Amino acid sequence: AMLKQIAVKPVVTASARMTIAEAARAMKQKNVGALIVVNAGRPLGMLTDRDIVVDVVAAGKDPDAVRVEDVMRKKPATLREDLGLMDAARVFAKTGVRRLPVVDKAGRVSGIVALDDLMMLLGNEMGLVAGALAAGLRKAS
């Protein structure tokens with residue numbers, strides 16, 4: 001399976017100039033835990049609900065005064081939509097983040113993938129492989 005098939009669409013995006021309060025409302029409205037911050041369709045950063053809690057709320061800052069660009073994680077790693085699941089898993093392992101933007105060949109955001117979803121799919125694939133191997137071994141013996 002390619003990432004293109006499993007990436008969550010449409011992606012909820014934000015602009016770097018939005019306030020944190022606006023971004024939080026967008027998350028609530030669309031029921032997502034992360035926004036991809038874009039400029040002309042290309043990913044500039046990622047903003048998660050945890051970033052808002054830790055860097056704004058817990059820090060006692062005003063969500064109406066702080067901008068997305070002040071809190072977002074800049075230059076996120078991206079996943080090309082033509083990657084396979086194992087390659088995507090390697091990128092996650094390198095970055096240590098839980099969600100990554102998926103981009104098309106032109107570098108524009110086309111989706112978002114969560115590590116948890118990827119692990120579930122990899123688990124399913126491993127289960128299928130294991131089942132096929134077991135069936136083959138039964139035939140061979």
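**Reading Arg67 and a three-stranded sheet**

Reply: In this predicted model, a polar atom of the Arg67 side chain lies 2.6 Å from the backbone oxygen of Arg17.

Me: Where does Arg67 lie relative to the helices?

Reply: Arg67 belongs to the loop between helix 3 (49–57) and helix 4 (68–71).

Me: How far apart are the C-alpha atoms of Arg67 and Arg17, and which residues does Arg67 touch beyond its sequence neighbours?

Reply: The two C-alpha atoms are separated by 5.7 Å, although the residues are 50 apart along the chain. Leaving aside residues up to four places away in sequence, Arg67 touches Ala16, Arg17, Met18, Thr19 and Ile20.

Me: Is Arg67 buried or exposed?

Reply: Buried means under 20% relative accessible area and exposed means over 50%. Arg67 has a relative accessible area of 30%, so Arg67 is classed as partly exposed.

Me: How should one read the strand order of the open sheet?

Reply: In general, strands of a sheet pair through backbone hydrogen bonds, either parallel or antiparallel. Here the open sheet has three strands in the order 5-6-7, and the pairing is mixed. Strand 5 (79–80) and strand 7 (109–114) are the edge strands, each pairing on one side only.

Me: How many bridges join strand 5 to strand 6, and which residue stands opposite Arg80?

Reply: Strand 5 and strand 6 (residues 99–103) run parallel and are joined by two bridges. Val103 in strand 6 stands opposite Arg80.

Me: Which helix lies across strand 5, strand 6 and strand 7?

Reply: Helix 5 (residues 85–95) lies across these strands, running at about 135 degrees to strand 6.

Definitions and conventions:
Residues numbered from 1 in each chain as written. Predicted model: local features only at pLDDT ≥ 70, side-chain atom pairs only at ≥ 80, totals over all residues. Heavy atoms only, no water. Pairing = 2+ DSSP bridges. Helix = DSSP H or I, 4+ residues; strand = E, 2+ residues; numbered from the N terminus. Contact = heavy atoms within 4.5 Å. Axes fitted to C-alpha atoms, helices over the stretch in contact; angles between N-to-C directions. Buried < 20%, exposed > 50% of the residue type's maximum accessible area, 1.4 Å probe, protein only. Polar contact = N/O pair within 3.5 Å; in protein donor to acceptor, adjacent residues only side chain to side chain.
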